Structure formats: structure tokens, C-alpha cells
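The following paragraphs lead the reader through a structure step by step. Please keep the sequence and the three-dimensional view at hand while reading.

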Protein chains: 4
Amino acid sequence: MAPKKGLLERLDEGPVIGDGGFVFALEKRGYVKAGPWTPEATVENPDAVRQLHREFLRAGADVMQAFTFYASDDKLANRGNESSKKYTCRGINDAACRLAKEVAEEGDALVAGGLSQTPTYLSGLGKVHTQKEFQKQVDVFVENKVDFLIVEYFEHVEEIEWAIEVCLKMGKAVVASMCIGPEGDLHGVPVGECAVRMAKAGAHVVGINCHFDPFVCLDALRKMKAALDAAGLKVHLISQPLAFHTPDAHKQGFIDLPEFPFALEPRICTRWDMHKYAREAYKLGVRYIGGCCGFEPYHTRALAEELAVERGGLPKASEKHELWSAGLRMHTKPWIRARANRSYWETLKPSSGRPFCASLSQPDDWGVTAGDASLKQKTDATTDEEIAELNQHAVNGP
Amino acid sequence: MAPKKGLLERLDEGPVIGDGGFVFALEKRGYVKAGPWTPEATVENPDAVRQLHREFLRAGADVMQAFTFYASDDKLANRGNESSKKYTCRGINDAACRLAKEVAEEGDALVAGGLSQTPTYLSGLGKVHTQKEFQKQVDVFVENKVDFLIVEYFEHVEEIEWAIEVCLKMGKAVVASMCIGPEGDLHGVPVGECAVRMAKAGAHVVGINCHFDPFVCLDALRKMKAALDAAGLKVHLISQPLAFHTPDAHKQGFIDLPEFPFALEPRICTRWDMHKYAREAYKLGVRYIGGCCGFEPYHTRALAEELAVERGGLPKASEKHELWSAGLRMHTKPWIRARANRSYWETLKPSSGRPFCASLSQPDDWGVTAGDASLKQKTDATTDEEIAELNQHAVNGP
Amino acid sequence: MAPKKGLLERLDEGPVIGDGGFVFALEKRGYVKAGPWTPEATVENPDAVRQLHREFLRAGADVMQAFTFYASDDKLANRGNESSKKYTCRGINDAACRLAKEVAEEGDALVAGGLSQTPTYLSGLGKVHTQKEFQKQVDVFVENKVDFLIVEYFEHVEEIEWAIEVCLKMGKAVVASMCIGPEGDLHGVPVGECAVRMAKAGAHVVGINCHFDPFVCLDALRKMKAALDAAGLKVHLISQPLAFHTPDAHKQGFIDLPEFPFALEPRICTRWDMHKYAREAYKLGVRYIGGCCGFEPYHTRALAEELAVERGGLPKASEKHELWSAGLRMHTKPWIRARANRSYWETLKPSSGRPFCASLSQPDDWGVTAGDASLKQKTDATTDEEIAELNQHAVNGP
Amino acid sequence: MAPKKGLLERLDEGPVIGDGGFVFALEKRGYVKAGPWTPEATVENPDAVRQLHREFLRAGADVMQAFTFYASDDKLANRGNESSKKYTCRGINDAACRLAKEVAEEGDALVAGGLSQTPTYLSGLGKVHTQKEFQKQVDVFVENKVDFLIVEYFEHVEEIEWAIEVCLKMGKAVVASMCIGPEGDLHGVPVGECAVRMAKAGAHVVGINCHFDPFVCLDALRKMKAALDAAGLKVHLISQPLAFHTPDAHKQGFIDLPEFPFALEPRICTRWDMHKYAREAYKLGVRYIGGCCGFEPYHTRALAEELAVERGGLPKASEKHELWSAGLRMHTKPWIRARANRSYWETLKPSSGRPFCASLSQPDDWGVTAGDASLKQKTDATTDEEIAELNQHAVNGP
């Protein structure tokens, strides 16, 4: 078998489809707990994780990203989390890599190991301690011979620079992606400057993931692209947005919306939203086009279907869909057969069925960031008194 | 091992939690095609079907319903569908039973085989032909020793009476459930009369599934209960509604909504809607409480969590949730920890993030029913000309 | 000059256009206080009242209804109201009649004197006392030689029967109109039965005014018509609904909506809603077609424009409008000129510009009616303590 | 009697309340035609105009602005308008001044004569011709001894500079107000630069009127203030926004919204919106606080009520309102009496009663401006063919 083409080669040739969001999908399936977002699922329920990988592969994903989100040791021991002790950081990350690899080999996908932001950084403990957390995960990725590394879901450009530095030492391609929007990082660094700093730190691909919907995300990427062009920096772009509409989110993204994380349903994007997103991203020049929280396999399939010509074919799962809803030709009801056409779905504005709800929300805006006591790493579980205090704060303001 | 308690015994003791919707969940995962709703997934992708069964079991479902929806021979050969030829009705139904059984035995769940309405009936071919279709599936169910039979998703009480008759001969408990709302069946039979006729036909449990949201469904069940009480009939009640809000649907339910089936996202119920539904259903006296299209495992878990006291404990998947969002106590952001309380989620009115969309839709109302040419069984695939004609009709009316 | 044709003769010939709502229009102009709805404006600011009469006349109204709403003596002395003492019931009603008459003579309009429900009835003081209140107003109407009497805005059919009885003695045509919806009167009398009882009591025209939007109002009128037909009663029908959309109102109408009376703006009907209303009302057989609260002169003009053929011409004010927005042909901006056509306005679904607001509200539902202490006539002003108690009740329920 | 204080003196002392919108108010009353916005109402129906002046005076307006909007000679002869010929520019403007003066003397209000943008400018006919149009109106204002001049509703800063130049020669205080938003004028001049240019041209008061809602208008004024401060220019600020919510309007304001001008009802601001606007405007330092299209007398009263302390008392019309809805204490229904408090109305989010409508609209964006053929002055009436062409354009784009 010929060796797999690497990430950068693939990006040069055409679009690479990323996979979708593991924590939200597995939470709905019953294997992940919202809050700690328990990556130990890779150890506890490998079948469920493997199945989700397979679905994304089948939907057209070119990358199997090991489910190592929030799997740094400090996070696994935060606020009553016993996973660090029970499964160890190494155990969880190792299991994740093996699952991703196993499924990747069922197709022609690449395997990526991922780092995300750490409680250590938010606690203000500095570069040495933060990089130590990253190193523990990266060591496992290297042992497992992943194809590339992805550092994603960072709210502060300073921390992602530290993560890029750790990754580059391993000699792998590095993708760097922040969870920020058009307003920039949480310390006030503009979004364009974040892109430039990631590229200058050595990342081969830079961009944005999570926190905002596809269209807000692309607004931010436009600014990144402009700043990179102005600085004469040539790197590939990645976008892996939410599959939730967030026009009303402020700087911190969907975390602050009142619906996070258990009432986001009415905001879920349709597959047709994803067609539009894939096309706009491609036109903007983004070549790593995937998704994050909320992306289910059918959203990923929509990306692959929209870019079928550019990718040279439809994904496996399109056998159960067909482009632009052609499968509806087999429906019993004639008016549903009549919907088997592109313009019907492209122009439909779907109703919510919730007449007592508004269309936009006012986000929480606590505005706390790295160093704030309320964000610090803390091994004890949250007490009732602490919850009561937080609620008081929510009502009265700080 | 002691023999499993039967369905009726369990219903007498307390609530039985049904599982969720296979066709919509598997469509999103890439294994089912919307339109024909391809039950051949049981043959083509048994792992995916098995995994979904496991998720519902883990979420608290007491019944593993074999994925035999729309798996009658005539449907498998309708409008270009080649599954009848390729896999045979027997092959598909047999695989479905074995998968359901395998997972049921991993817990203490019952196995049910299911029948649904047929193109034969809609084509006006009469009782003999229609029952022949049912018999083919029932034979497989009996060979596989399913625990009980469920006849569901019928729009006409006449057809469900014929199905009940076939099932009763097998000596199993029979659950009968129509996809109708407060306005009654599609031939104009009032909903209360439908309940009475199903009970008189011998069904042990009667009720409603699919087509309407939980609260519209309960409105219809209230009428069923009143009519059954008035007739002095004692049967258990079942409700297995959609997980989509449908206050604007007319008589034919969500099929007619413009968003069906590919833009229903903004209508998806939250887990908190399901708490409310479970409590209201239980108070009304419904004891078989489950879900249909749109129900994902976390919706089913919410039913089991709401009725934890009545059921004597939480389901396995609650380890990854905890009652009323207590898992959020471990979240990094303090304002999300503050949301770890019941009243927050009970009173939240979630926004859609779609300010250019309305909250309600005007359904299609073609009003065609059994016997109409456009509904008849037809082996050839739908042609472009037929689609064009249908679109003409949609614009101009009949 | 030939004598004016009477009301009944006009109704036999074709539609009679009623005028609009004085209390809401004059409140916005600064002459009426919401709460007591101060009819003493006829004495205090006759110019403002006269001007509004003129605008309705110009808009096509065939009736000048004297502004005698809530001008019964007991109401004028209720809860701190000093108008009874200051201006007397006679003074206010007399001024109202003279203003209506003066403007009616500028065209060919009829003059009507109106009675509405009384605190005396709500206080449970019985027929004799209630009719005494009516008699005081009717005496003034007769002295002023009004063309007919209208008894309107009654929530209880019993009270309106008493009012009809008083009016009939005067030998004038009597129009009887309740502020109820499809659910019937506040004592539980079905809406059809209310119509029959009003007709049997001798009213020449029966129907509905206020409390509900035009389309809900017509739903109720359909029931009235069916009941009258079933009873073999031949009377004319009147509809004078709100110009506010109220699909979410319960039995008590818009009073209970949280937006009443100072935030109803987003519910205001457009002129195009009124075209639709006029046509539907006419098709249903309603011949007295007017409006109540929220109806501004341009709403009334829309009724007259829709029925221009049936009425034999356009009203005076159409010079400043032209049918179906033809005046826009003179607009500077070309895209506004493009809107000078009927189908544009007929199909437009106007947005609210309020993305943080829902489309429907949950009404208050106190469910108190005649005889309840909180509704009784009371001369003293409301105290702070009483307001505090009411707010307590609103939060906790009764 | 002591001479009236002048505008600038009043602005130095505290807020001056402007009046509201004549064209929309009189259109609803039946005296103005939308499209040409017929200022000849001053000649045809002086009583109606006088009455509206009185209502604004009573509501607290400190300025009676003569109804001379769009009363330039070229506009009065545009697209089939015969008013120029029939009434003459002089006749219309003179009547307007006399009516404003008559009512102003019933109180202590100032009289202003107003100029607005001209078809001559839009036709690209240059400074000399444009100023000639202005001069014709200004001559009448001077003859009538108005207290000050207001040049308002200009989309291009170049044209308003020409208007200011004409006005300054008359030796009166000049208020200059553009109908632009945060994006600046229609030729691309930033909003801050517009303010600076108006001030440098000699205007004593500069700001914004019409086209946007109060809160968008204040966003633009914030930019104006910042630019004026940066330029060291000291002038007073004026804001006279719409009483329609327009968060979705683009650069050209509400004109482009699909609801303009005949379906704006759901966007109408409540009186409580106006309280908020008045307070925010005052805090920003705006001292001439009024309204434009959509402002009815009760909106103006709300401005005066919010600033009652700053103005030293309530306006006359507050006798029929009382601060923060205190008049509701006299309502019959107890739950309405319970609403007689400030926090109820301040926090209410009013529903639209229109569940089939969205909350935001997509504006038309033709993007044509001065010099475009479609905007040019033209004496002939618009033909059917022209309308058909425009509709074609609306569908296909330019």
C-alpha cells in the first residue's frame, strides 16, 4: 500500500474535510458528561467512540482526530474530577489515539492528536507549568505515531503560542486553531493579530474552531486572512465552527448564551446551512473545513457533498442521502416527493415551533479571564455554597 | 436466571420507558435514507443499529423495539426501492430481531417486533392483501420469540384493526398505536373512537406515536382516555411522540410541515421538554412512555430521570449527566456552574438564533388519503416529470 | 334635504362601515387616560374629539358613535374618578351626542348613542340598579335624537339583555355587541347562545366588539351565525374587533395579555390585515363592519376601500391613499415605487424588528368575574397597599 | 409679555423637546399621501395640521416645526405631483408657518421652518440650482419670522452644506440634521466627518433625524460626538429618530426595509422605549431630543416625562397619563391595576402576536444615489411599464 499523503500535501491539492464534535455528540448518546466533558470515554466506552469515528469517516471526514479534548492532566483533576487518578492522562490519550488510528485505517484518513487550553494557564501558573501539561499529551501522540498535531480551543493567543512551541519540537505538521470570533482573544488581542502570531510561532495551518456559528466564524477568518496577507505570511486556513447559530453571542461565544449547554436545540444548523458554509469557506480560501461542537455526521456529510466536485466524489454515507435530497423521490406522500429539489431547501426559512420564545438571547457577560479566582484549577468538587454565591453574582453582577 | 417479567405485568407495576426514534437518528448517522427510511440498515450496518439499541438501553429504555419500521415487503419494493429483492422482507426483519434481542439481553429489556402501515392499504387493495403483508413480518417475529408485538404508525383505524387481528392470533401481547392527533384519523374517525376501536379489536395497550410533539400527543391521549373510560374499557395507554415541536401541524402532523424532513432542527425538543412530558404523561395515567422520530438517547434518559422515583433508580447513562444538570458543577466557567440547578432549566425559553425565521409554519394540506393515485404502491422510481407535476400542484393547488 | 336612511334600511342595502376606537386613539393623542378611559374628553377637549370624528367620517365611516364609552355614572365615580361629580353623567353624554351629531351632518352619517357594561353589574347589585345606570344615559341619547342605540362591550349576556330591554323602550333600533370570543361569555354561556339570547331580547343587530383581533372575532361570529340560523332568527350581524393581533388571548381577550394597554404596538394590524378582515366579514354575511380599540382612521379607510364596489365608491380620505398603495408611484426611490402593487402588500409578512421578543404571550388568567370583591365599584382611589397585594397575587396565584 | 428665549439659550439651559413626525401621523389620519408626502395638507386641511401641532405642544414639545417637509418646488412637481402648480411652494410654506406660529403662541414654543433634500440635488443639477430651491422656502420662513431654521433629512453631507450656507445668510440659528446611521452618508462620508463638516459649515446644532430607530441613531450620534470632540468643535447635538425599531436596516435606513411604508406597525416603539431613548440621549449630551416618522404625541410625552426633573415639570398631556402608568390604578380589572408600576413596563418584552412572521427582515439594497436616472426629478407620472421594469429589477438585481 502506498504511504498516505500528508496533511499539507492534501491541503495544497484541495479541501480536507475535518470531522465533527465528539463531546456534544457523545453527550447526547450518553457517554460524556457536560461540564468536565470526560474524554475518559475512550477508556470506558471505546465502542461508542469508535462508532462515532466510523460515522464521520463514512460522512467524508479526511481526518480522525483522537478524542483528546480537555484530556490534560490538570483538567482531569479539576473540581472533583477523578479521571486523572482513575485512568491517568496517559491512559486516556493512548486509548484515544488507538481508536482514531484503527478507524482511520478503515479508510484513507489521517490521524491527529489534539491539545486544548489548560486550567494551569487559566490559573496563571506560567509557561513552564503549562507546557509541562502539553508535553504529557504530546508524548503519547508521538508514541502513537499520529500524522499531525492540532492545538485547538484556545481563548488566549499567548497560551496557543506555548502549545505550538511544544508541538513543533516533535517534527510534525501543526494546526493551530483558536476559539475566538471577530472581536479577538479574551485578553483583547485582535483576531488578525492572533493569526499572525500563530503563523509566526510556526503553525502550518491557522484558524478558528468552536464558540461561534459557521458564518460568524468565517467573518473572523476573513480578518485573519487579511492580516496574514498584509504580513506576507503563507499558511493554510482551518475553520471548524459550531453547528449552532450564534448571531447573538458576544466575545466569549456560545458558552455565554443562556442556552449553553442544555437548551441549544433550536439553534442547531441544518444540513443546508452547512452547504452554504462549505461553499463560503472554500471561496474564502479555507482548505481545512470541518466542524466542532454540534456537528453530527450528517453535517460533515453536507460539507463533503457541497464540495463533491472539488473532492472528486461523494462520501460513502451519501448512498443514504443523495445530493440535494434526491432520496425524497421515494417518499410515499406526494408533497414530500415534491421537495426533492435544491431550491426548496436552499430558500426555506425553518420555523422553530416555539412561539413563546424569542429569536435572540442576551448572553451572560462575566468578563473574567486568566488569573481570575473563579477560573482557577481546583481539585475539590464545587460546594452548594459556591453555587449559591455564583447565582447571587448572576443576579446582582460582580 | 429468573424469566423476564412480561410487558403487561410491568405496566401494572409502573412506568415502562420506550426507546426512541431509529430512522431519524440513523439518518443523521448516515445509515438510513430519508424517504424510503431503509430498514435494511439491519443487514447492511448491523454495528450501527446495535450501537443505537445499546444507547437507548443505557438511557433507560425497557423495550428494545426491533428496527422493522416500514419493513413490509410492499414498502421495500415501492418507487424504485430494491431492498425487497436484494435483502428480502424476511432477511431484514430477522436481522432486526436478532440485534434487538442481543442488546436486550445485555440488560433486562423486552424485545418487540413492530408493524406499520402499508402501501397495500393506501393503494386500496383491501383486507386480504394488507393482512398478507403483515403476516410475512409477524411470522419472523414469532420465530424470533419476541416478547410482544407493536402495531404503530397507522393513519387509519381500519388498517390497524386488521393488523391487531393478525397479531392476536400469535398469542402475544399487542400494543396498538396510531400516528394521529386530536383531530382523529385521516378518514375522519375521531381520536376517542379510534382508541375504543383498537381496544375492542383486542389490543392490550393503545395510544399514539409519531406525527405530533409530546404535548399535542397528550392532548389527543386525553381524548382517548375519556372515550375509553366512557366505554368502560380498561387497557393501558402508550405515548411515543416526536421530539419536535409541532404546535402548527394540522391533521397529518409533521409530515406536512415545510421543514419535514430536512430542516426540523429548530423544532427539536430539549431534555427539559422531555421531563415535562414524562411527568404529564404519567399523571394522565400513561404507563408506556417512550418516543419516536427525533428522540435521541438523551431524550429517553430524560424520561427515565424524571420518573426515577417511580422506576426505582436512575439509568446507567445518568452517570454522565446527573439529575437536573448537576454535572455542570464541574464546568470551568463560573456562570455555567451557576446553571447547575433545576429552576434555571425549567424556566428557560430557548432562543433560535434565527431572527429571519418565523416561529410557526403553514403546513401543506393536500388532504389525499387511502386510494388516491398519488399514494399508491408503485415499483418504478419517481421520474423528473412526476416531480415537476407535483411542484406544479404545490403551487396551484389540486 | 331628504331624510337620512335609517340603520336597518342601510344594512339591508349593503355594508355599513362603523367607526374606530376612540379611547385608544385619544389616549395616544393625549386626551384620554388609560384605566378610567375618561369620556369627559367630550367636555374637556371637544376639538380633539370632533377632529377624530371627522377623520373617521372622511375615512368612510357611516356611523358617528357618540363617545359615551364607560360614561355611566357609577363608572365615572369608581376608584378615585371625580368625573361624575365634576362633569356629571348627563354633561358628558350630552356633549358627546352633540359632537357626533355636528360631524355626522357634515356627511351622511348616522349618530349612535352607546351603553357599555357597568360596575354596578360587576358589583352584583342586580337588575334594578343596573338598569337605572343605563336609563340615565339613554335619556340623554333620546333628548339628542340619536339615530339608533348601541349596547356594546358586555362580558355577560345577562347584563346586555337588561341593557337591550332599557333601549327597546325608546323605540330606536338597537345594536347589541358583546366583547367575547369563541369561548363565550365570562359566566360560561356559549357564544352562539349569547347571540340567540340577544336576538330574542329584541336586538335588531347582534355581534361582537373589542377584546379580540378581527380574525378571532370572525371565528366567534361564525358560531353566532350558526346558532342564529339554527334557531331560525333573522337579525343583522355586527363586528367591531380590535386592531391588535391576539391569537394568544384567552377567554378575557386582550385585557389579559401582558402588553395591555401600554405595549400593544407590535400587535397593531396593518391596513392590509383590514382588507382581509373586511372581505371575510362581508363574505360571512356581516353587514355592520367596523372596529374598536386600536382602529385608527386609516384602518377604517381600508375597510371602506376593500368594500368600495359594494359601497359604490371610495371614501374622501382615499384621495390621500389610492387603492392598494398606488400613491407610492410618486415616491423618489425606485424600489418603493416598485411596491405600488397589491400582491406585494397582500403577501408580505411584516417583521417586528424585535429579535429579543417572542411572538406570543402567556395571558394573565385571574378568572374573576361579576361579584368578585376585586371587581366591585369603589369610590376611593386605589392605595399602595392594594397594589402591593395585587402584585403578590400576580406572583403567587390566588 | 417677556420675549421668548431663543433656541440656543434653551439648549444651554437644558433639554429642548422636539415634536414628532407629521407625515406618518397625518397619513394615518387621512390627510397626507405616502409617496409624495403631500405637505399641501397645510392648505387643504389646516384644521388637521393645527390639531396635530396642538397635540405635540400638549405632549411637551418646545418646538413647533412648520410642516414644510418635502415642500420644495421641484419636489412638488415630481412624478405627477400637481401641488406646485395648484398651491405653489410659497402658498404651502406660508400656510405651514402660520399654523405652527398660531399653536406655538398657545404655549411657549419656538417656531422652526424646515428644509429637506431636493430632487434637484439627486438629479445632479449642481449647487446653484439646488440652493435656488432652498432659497424659495427660506424666503417664506423669514417673512414669517420663524425663530430658527432646521435643515434636515439629508442623505448627502454635500447637499446639507449648501443648505446651511443658504440659511446662515438669514441670520437665524441653524439646526442641521442628516438622515444617516453609523455607516455614514450615501456617498460614503463617515458619520463623524459629516458632523464635523456640518459644524464647520456653520450649523449651530448638528445631528441626526429619521431613517433609524432611537438606539441606532444614538450609536451614530456617539460617533458624531467623538469626531466633534476630536476636532475641538463645540456645537449642540440633535436627535430626532424614527419611532420604529430598525436593527436590521442597512445604510439607507427604514426606506429599504420591506415593511416601508405600509406595514411598519409591528416595529412601532412603545412609550417605554422612548423613556429609555430620552435618558440615553440626555446622558450622551444631546440636548435637542425629539422624534421623526412614527412619533405620535404619546411618544413625545414619554420624552418629556422621562426628563421631567430636568425640564422642571410634566407636560399638560401627562394629566391623562401620570408617570409610569399610575393611571392604571383606576382600572376595573385587578391584574391591570397591578401593572401600575415602573418595573413592570421597563422589563416587559412585548410579543408581536404574529407567529408566522420573523423578527428581522432583509432590506432592499439597490445602492443607487445622486445622479442615478431612477432618482431624477421627473414631472410625468410613473407609468405601468416603469413599475413593471422596477419589479423586474427587484427580482433579478440590477
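Chain A contains 17 helices and eight strands. Its radius of gyration is 21 Å, close to the 21 Å that the globule rule gives for 398 residues, so chain A is as compact as a globular protein of that length. It should be said at the outset that the model is predicted. Measured out along its principal axes, the C-alpha trace of chain A spans about 60 × 60 × 45 Å. Of the 398 residues in chain A, 64% are buried. Among the contacts in chain A with a separation of 6 or more, 77% join residues that stand 24 or more positions apart.

Chain A also carries an annotated site. According to the unreviewed UniProt entry, the annotation "binding site" covers C210(A), C292(A) and C293(A). These residues are spread over 84 residues of sequence, yet they cluster in space, with a largest C-alpha distance of 6.3 Å.

Where in the chain does C210(A) lie? It is found in the loop between β6 (205-209) and α11 (214-230) of chain A. C210(A) counts as buried because it has 27 C-beta neighbours inside 10 Å, the threshold for that class being 20 or more. When residues up to four places away in sequence are not counted, C210(A) touches Y153(A), C179(A), L242(A), C292(A) and C293(A). Two of the annotated residues, C292(A) and C293(A), are thus included in the list of its contacts.

C293(A) belongs to another loop, the one between β8 (288-289) and α13 (297-306) of chain A. C293(A) is likewise buried, because 27 other C-beta atoms lie within 10 Å. Leaving aside the neighbours within four places in sequence, C293(A) is in contact with G21(A), V23(A), F24(A), C210(A) and L242(A). L242(A) therefore appears in the contacts of C210(A) as well as in those of C293(A), under a contact limit of 7 Å between C-beta atoms.

The strands can be followed in chain B. There, eight strands form an open sheet in the order β1-β8-β7-β6-β5-β4-β3-β2, with parallel pairing. The edge strands are β1 (16-17) and β2 (63-65) of chain B, each of which pairs on one side only.

Strand β3 of chain B illustrates how a strand is set within this sheet. β3(B) pairs with β2(B) in the parallel sense over three bridges, and in this pairing Q65(B) has A112(B) of β3(B) as its bridge partner. β3 (residues 110-115) and β4 (residues 148-154) of chain B also pair in the parallel sense, over four bridges. Along this pairing, G113(B) stands opposite L149(B) in β4(B), while V151(B) in β4(B) is the bridge partner of L115(B).

Are the residues of β3(B) buried or exposed? Six of the six are buried, so the strand is largely enclosed by the rest of the structure. Both faces of β3(B) are covered: L110(B), A112(B) and G114(B) are buried on one side, and V111(B), G113(B) and L115(B) are buried on the other. Helix α10 (residues 157-168) of chain B lies across β3, β4 and β5 (173-178) of chain B, and this helix runs at about 170° to β4(B).

An enclosed helix can be examined in chain D. In helix α10 (residues 191-200) of chain D, eight of the ten residues are buried, so this helix is largely enclosed by the rest of the structure. Its buried residues are V191(D), G192(D), C194(D), A195(D), V196(D), R197(D), M198(D) and A199(D). They pack against α9 (157-168), β5 (173-178), β6 (205-209) and α11 (214-230) of chain D. Just after α10(D), G202(D) takes a positive phi of about 110°.

The last topic is the contact between chains. How many residues of chain D are in contact with chain C? There are 86 residues of chain D in contact with 86 residues of chain C. On the side of chain D that touches chain C, the elements giving two or more residues are α2 (22-29), α4 (46-59), α12 (271-284), α13 (297-306), α15 (334-337) and α17 (384-396) of chain D. The largest share, six residues, comes from α4(D). By residue class, this side of chain D divides into 42 nonpolar, 23 polar and 21 charged residues.

How values were computed. Residues are numbered from 1 along each chain as its sequence is written. Chains are lettered from A and ligands numbered from 1 in the order in which they are written. This is a predicted model: local features need pLDDT of at least 70, side-chain atom pairs count only at pLDDT 80 or more; totals for chains, interfaces and linings use all residues. Two strands pair if DSSP finds at least two bridges between them. Axes are lines fitted to C-alpha atoms, for helices over the stretch in contact, and angles run from 0 to 180 degrees between N-to-C directions. UniProt positions are given in the numbering used here, feature names are shortened, and annotations may be inferred rather than shown by experiment. A residue is buried if 20 or more other C-beta atoms lie within 10 Å of its own, exposed if 12 or fewer, and partly exposed in between; C-beta atoms are placed from the backbone. Ala, Val, Leu, Ile, Met, Phe, Trp, Tyr, Cys and Pro count as nonpolar, Asp, Glu, Lys and Arg as charged, and the others, Gly among them, as polar. The radius of gyration is taken over C-alpha atoms; the globule rule is 2.2 Å times the number of residues to the power 0.38.
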